[in-house]
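Hi there,

Here is the structure I promised to pass on to you. Have a look at it first, and then read my notes below.

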Amino acid sequence: MSEYFFDYIKELIPESEVLKDEPMNKHTTFRVGGPAKYFIKPANQEELEKLIKYLNLVEREHFILGNGSNLLVGDHGYDGVMIWIGNGFNEIKVNGDVITAGAGAMLSKVASTALEHGLTGLEFASGIPGSVGGAMVMNAGAYGGEMKDIVTEVDAVAPDGEFIRYSNAEMAFGYRTSICRRAKIVVTAATFKLKKGNPEDIKAKMDELKAQRLAKQPLQFPSAGSTFKRPEGYFAGKLIMDAGLSGYTIGGAKVSEKHCGFVINAGNASAADVHDVIFEVQEKVKERFGVKLEPEVCMIGEF
Ligand SMILES: Cc1cc2nc3c(=O)[nH]c(=O)nc-3n(C[C@H](O)[C@H](O)[C@H](O)COP(=O)(O)OP(=O)(O)OC[C@H]3O[C@@H](n4cnc5c(N)ncnc54)[C@H](O)[C@@H]3O)c2cc1C
């Protein structure tokens with residue numbers, strides 16, 4: 001990538017917010033991944049719109065990063081432009097039973113804000129370690145709830161840099177997907193319609209779900225949560241366990257014995273180790289049960 005590109009980007013975004021060769025293990029919950037050629041932190045809507053318009057105009061490869069909790073970046077890094085939707089987009093506003101949150105706000109923070117205001121509906125999401133933007137893209141869900149149940153509007157930036165507002169129907173939410181995964185749009189905010197509830201009940205529900213996560217998930221190890229999508233009619237973790245893959249290890253990556261649906265970084269894993277475990281699990285489960293496991297985790301860069 002030319003210095004000309006860098007010089008131009010500095011016209012759009014303050015130089016201090018444009019990092020070069022930024023290690024992605026600092027920005028993913030797997031704690032693996034080589035450097036992103038450029039790592040840009042737009043501070044507001046205006047900077048983001050100009051940046052997206054320019055990158056699409058010059059057809060420069062780019063990737064939108066939230067909290068990196070569903071992302072595996074290769075050891076040899078990402079040779080494009082990583083755009084972090086973070087601190088510049090983390091405002092949370094409450095108006096009656098409606099919450100509007102910036103895409104960079106953490107779901108846990110939005111859920112705790114709902115609790116503070118006695119609003120129910122977000123309890124299921126309180127333990128999902130992602131940003132609001134990532135949750136819209138993935139239609140994040142847990143314990144019977146999904147983003148599609150509570151989201152009324154999503155604000156975004158289109159590839160031409162224009163602001164767009166999607167309704168719930170226009171988001172075309174599906175299982176761990178939404179229109180954002182198909183159209184290249186950048187989520188900047190989401191509006192949630194909740195209901196008045198009893199703060200004690202809301203807190204009790206959050207505590208109960210937290211205890212379930214702690215009991216069932218290997219949260220002491222870096223991971224991206226459930227590695228695979230749930231195949232229709234099956235549970236990925238059960239198939240993996242029944243294929244005898246509990247504890248299956250390559251290098252530092254491993255199928256968790258506590259929950260076989262999680263591939264974990266058990267200590268100094270490389271991204272290639274994680275990638276290889278995912279691949280081998282897919283092969284072995286297909287061979288044994290004829291079921292194709294599809295990764296839920298997004299993979300980018302050179303392994
Ligand atoms: C311990 C653990 C438990 C988990 N439990 C759950 C669970 O119960 N349910 C569940 O659904 N998930 C779970 N996850 C996975 C993950 O937290 C969710 O998928 C989350 O929604 C990802 O959000 P993120 O901000 O981290 O996205 P990232 O990992 O940063 O990105 C994921 C995808 O979203 C895109 N993206 C992110 N932000 C934006 C944006 N602003 N605009 C456009 N695209 C964007 C990225 O380009 C990428 O394609 C878990 C993960 C971990 C580590």
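Before we start, one definition will help: a residue counts as near the ligand if its C-beta atom, placed from the backbone, lies within 6 Å of the ligand. Please also keep in mind that this is a predicted model.

Let's begin with the ligand. It has 32 residues around it, and Gly66, Gly130, Gly133, Gly134 and Gly225 come nearest. Helix H4 (132-138) is one of the elements that supply at least two residues of this shell, and so are strands S3 (62-65), S9 (141-142) and S13 (186-193). H4 gives the largest share, with 5 residues. What kinds of residue make up the shell? There are 19 nonpolar and 13 polar residues, but no charged ones.

Next, the overall layout. The domain assignment splits the chain into domain 1 (3-87), domain 2 (90-215) and domain 3 (218-300). Between the C-alpha centres of domains 1 and 2 the distance is 24 Å, and each of these two domains puts 16 residues into their contact. On the domain 1 side, helix H2 (residues 45-57) contributes the most, 7 residues. That side holds 4 nonpolar, 9 polar and 3 charged residues.

Finally, the core. In soluble globular proteins, nonpolar side chains tend to be buried together. Here the largest nonpolar core has 84 residues, of which Met82, Val187 and Val274 touch the most other members. Helix H8 (residues 271-289) provides the largest share of this core, 6 residues. Beyond its neighbours within four places in sequence, Met82 is in contact with Ala36, Tyr38, Phe39, Ile40, Phe63 and Leu65.

Enjoy exploring!

Conventions:
Residues are numbered from 1 along each chain as its sequence is written. This is a predicted model: local features need pLDDT of at least 70, side-chain atom pairs count only at pLDDT 80 or more; totals for chains, interfaces and linings use all residues. Domain bounds come from an automatic or database domain assignment. Two residues are in contact if their C-beta atoms, placed from the backbone, lie within 7 Å. Helices (H or I, at least four residues) and strands (E, at least two) are DSSP runs, numbered from the N terminus. Ala, Val, Leu, Ile, Met, Phe, Trp, Tyr, Cys and Pro count as nonpolar, Asp, Glu, Lys and Arg as charged, and the others, Gly among them, as polar. A nonpolar core is a set of buried Ala, Val, Leu, Ile, Met, Phe, Trp, Tyr and Cys residues joined through C-beta atoms within 7 Å. A residue is buried if 20 or more other C-beta atoms lie within 10 Å of its own, exposed if 12 or fewer, and partly exposed in between; C-beta atoms are placed from the backbone.
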